[in-house]
Amino acid sequence: SVDRALRVGIIGAGIGGVTLARALEQRGIEARIFERAPMFGEVGAGVQMTPNAVKVLSELGLDDHLRKIGFLPDAMVGRNWKTARELFRTPLKESCPALYGASFYHVHRADLHAALASDIKPGQATFGAHCVGLQQMGNTAVAKFADGSEFEADVIVGADGVRSVIREQLWGEEAANYTGHMCWRALVNVDKHPLPFVSPDSSFWMGPKGHVVTYYVKGGSMVNIVAVNENPSWVEESWNAKSTQQELLAGFEGWHPNLIELFKRTDPDAIFKWGLFDRDPMNTWSKGNATLLGDAAHPMLPFLSQGAAMAIEDGYVLAQSLAYHGPRQLQQALRAYELERLPRTSRVQLEARERGRTYHLPSAWSQLKRDMAYRWRQLLNPNAVGIQANWVYEYDARDCETRFPLAQKIPA
């Protein structure tokens, strides 16, 4: 029989879903996206595009977009919550291209999403499509929707986030863990760049039982705030809810005046709070002709800034594996994808949890020991300090194909 073209159904049009669609399209593979929301969109918040993700975005033809929408921070700086003393300073703007083969950008999520989705053709995405089930039949998988419609494909990919319907269909229901952290996200408009109290860096302010990350987005015309607090109870039904400036300020009373000044300038209508949920790493994501990607597969805490980056890497590697193996070897394609991605994303999940602990050390003594370790590492190697994420940034998804043949040698 003649090989017919592959057909892929993607449930969820977040960053991972649109990355996969774009990468498949480039490889001549038919992709259809189904999204619950009435249109494309992303929440108003910043996202750090670390060099590992930028390598993929570059391969997807988005270099010009990134230059237009992004901000290049000078450095990643750790600061004491109360005194603003520098705990470490890792150069980024100058050193990332040399060390990791790509720049480190700060972007607004909506801008990134729009760039990734810019080539999606009319009719390729179906909105208001609420996936309620998945059925596997022979060599195909069928996604079922609330309105009674169905979509049959060679592969169905669950890119539908932490509360993934596809994950539940494949692996049963299992609630995500509330991690005891809650997080505010907010944006501040910048009248004159840079603000005297916000350096042009990725700044990590570390305090007892909390930390704050600030950085510029939209070419420097806005500051993004991520403020995390340990909070044993999360009562909101939704995972993100409107919050107030008052609540944000109350959560960080006594912190450095620069942060307080920034919080006072937040847009009161655009302050949101999130409960941070994650899951333990899985042993496998795929079953039959369906698999998972991004938060559906490996939801993680944002403390290594890798949620969106991992989804982007996943989307690229999955597209590459499907193109490499072709329609006759779908099982091998899903297996190679998993063998490439699972160990990496599992490590990022677990190390992000561990960062949550080190950023929030409760006692002055434990903070001092941590800060001395930062200093010592900085003396040894000024580039390898900070949040110790070199191993994250070095990875290059673009050469995943060289590792695919190994997947065939490992018994299933």
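**Figure 1. Aromatic pairs, with a tilted pair of Tyr178 and Phe277**. A search of the whole structure, which is a predicted model, finds 16 aromatic pairs, a pair being rings of Phe, Tyr and Trp (its six-membered ring) whose centres lie within 6.5 Å, with planes under 30 degrees apart counted as stacked, over 60 as edge-to-face and the rest as tilted. In the pair of Tyr178 and Phe277 the ring centres are 5.4 Å apart and the planes stand at 55 degrees, so this pair is tilted. The pair links distant parts of the chain, with Tyr178 in strand S12 (residues 177-189) and Phe277 in strand S17 (residues 272-278), 99 residues apart; helices (H or I, at least four residues) and strands (E, at least two) are DSSP runs numbered from the N terminus. Tyr178 is partly exposed at a relative accessible area of 23%, whereas Phe277, at 15%, counts as buried, where buried means under 20% relative accessible area, exposed over 50%, and partly exposed in between (1.4 Å probe, protein chains only).

Residues are numbered from 1 along each chain as its sequence is written. In this predicted model, local features need pLDDT of at least 70 and side-chain atom pairs count only at pLDDT 80 or more, while totals for chains, interfaces and linings use all residues; side-chain values use heavy atoms, with hydrogens and water left out.

**Figure 2. An aromatic cluster that includes Phe252 and Phe263**. Trp81, Trp184, Phe252, Trp255 and Phe263 form one aromatic cluster. Both Phe252 and Phe263 are buried. Their ring centres are 5.8 Å apart and their planes are at 65 degrees, so this pair is edge-to-face. Phe252 is in the loop between helix H7 (245-251) and helix H8 (257-264), and Phe263, 11 residues apart from Phe252, is in helix H8.

**Figure 3. Charged side chains over tryptophan rings**. Arg185 lies over the face of Trp274, at 4.9 Å from the ring centre, and Lys287 lies over the face of Trp171, at 4.2 Å from the ring centre. A charge sits over a ring if NZ of Lys or CZ of Arg is within 6 Å of the ring centre and within 35 degrees of the ring normal.

**Figure 4. Two separate nonpolar cores**. A nonpolar core is a set of buried Ala, Val, Leu, Ile, Met, Phe, Trp, Tyr and Cys residues joined through side-chain atoms within 4.5 Å. The largest has 73 residues, and those with the most contacts inside it are Ile10, Leu24, Met49, Leu112, Ile156 and Leu322. Helix H9 (residues 307-325) supplies the largest share of this core, eight residues. Leaving aside neighbours within four places in sequence, Ile10 is in contact (heavy atoms within 4.5 Å) with residues that include Leu20, Leu24, Ile33, Phe34 and Val157. A second, separate core of 32 residues includes Leu187, Tyr215, Leu276 and Phe303.

**Figure 5. Helix H11 and its buried side**. The 17 residues of helix H11 (residues 364-380) should span 24 Å at 1.5 Å a residue, and the end C-alpha atoms are 25 Å apart, which agrees; the expected span is 1.5 Å times one less than the number of residues. The buried residues of H11 are Ser366, Gln367, Arg370, Asp371 and Tyr374. They cover an arc of only 130 degrees around the axis, which puts them on the same side of H11, the arc being that of the directions from the helix axis to the C-beta atoms. What covers these buried residues includes strand S5 (86-91), strand S13 (202-207) and helix H10 (330-359), whereas the face turned away from the buried side carries the exposed residues Trp365, Trp376, Leu379 and Leu380.

**Figure 6. Helix H2 and the glycine that follows**. Seven of the nine residues of helix H2 (residues 51-59) are buried, so H2 is largely enclosed by the rest of the structure. The buried residues are Pro51, Asn52, Ala53, Val54, Lys55, Val56 and Leu57. Just after H2, Gly61 takes a positive phi of about 80 degrees.

**Figure 7. Backbone features in three loops**. Most residues other than glycine have a negative phi, and most peptide bonds are trans. A cis peptide bond, with omega of about -10 degrees, joins His193 and Pro194, and Pro194 is found in the loop between S12 and S13. Ala84, in the loop between S4 and S5, has a positive phi near 70 degrees and is buried, with a relative accessible area of 16%. Lys209, in the loop between S13 and strand S14 (210-217), has a positive phi near 55 degrees and is partly exposed, with a relative accessible area of 45%.
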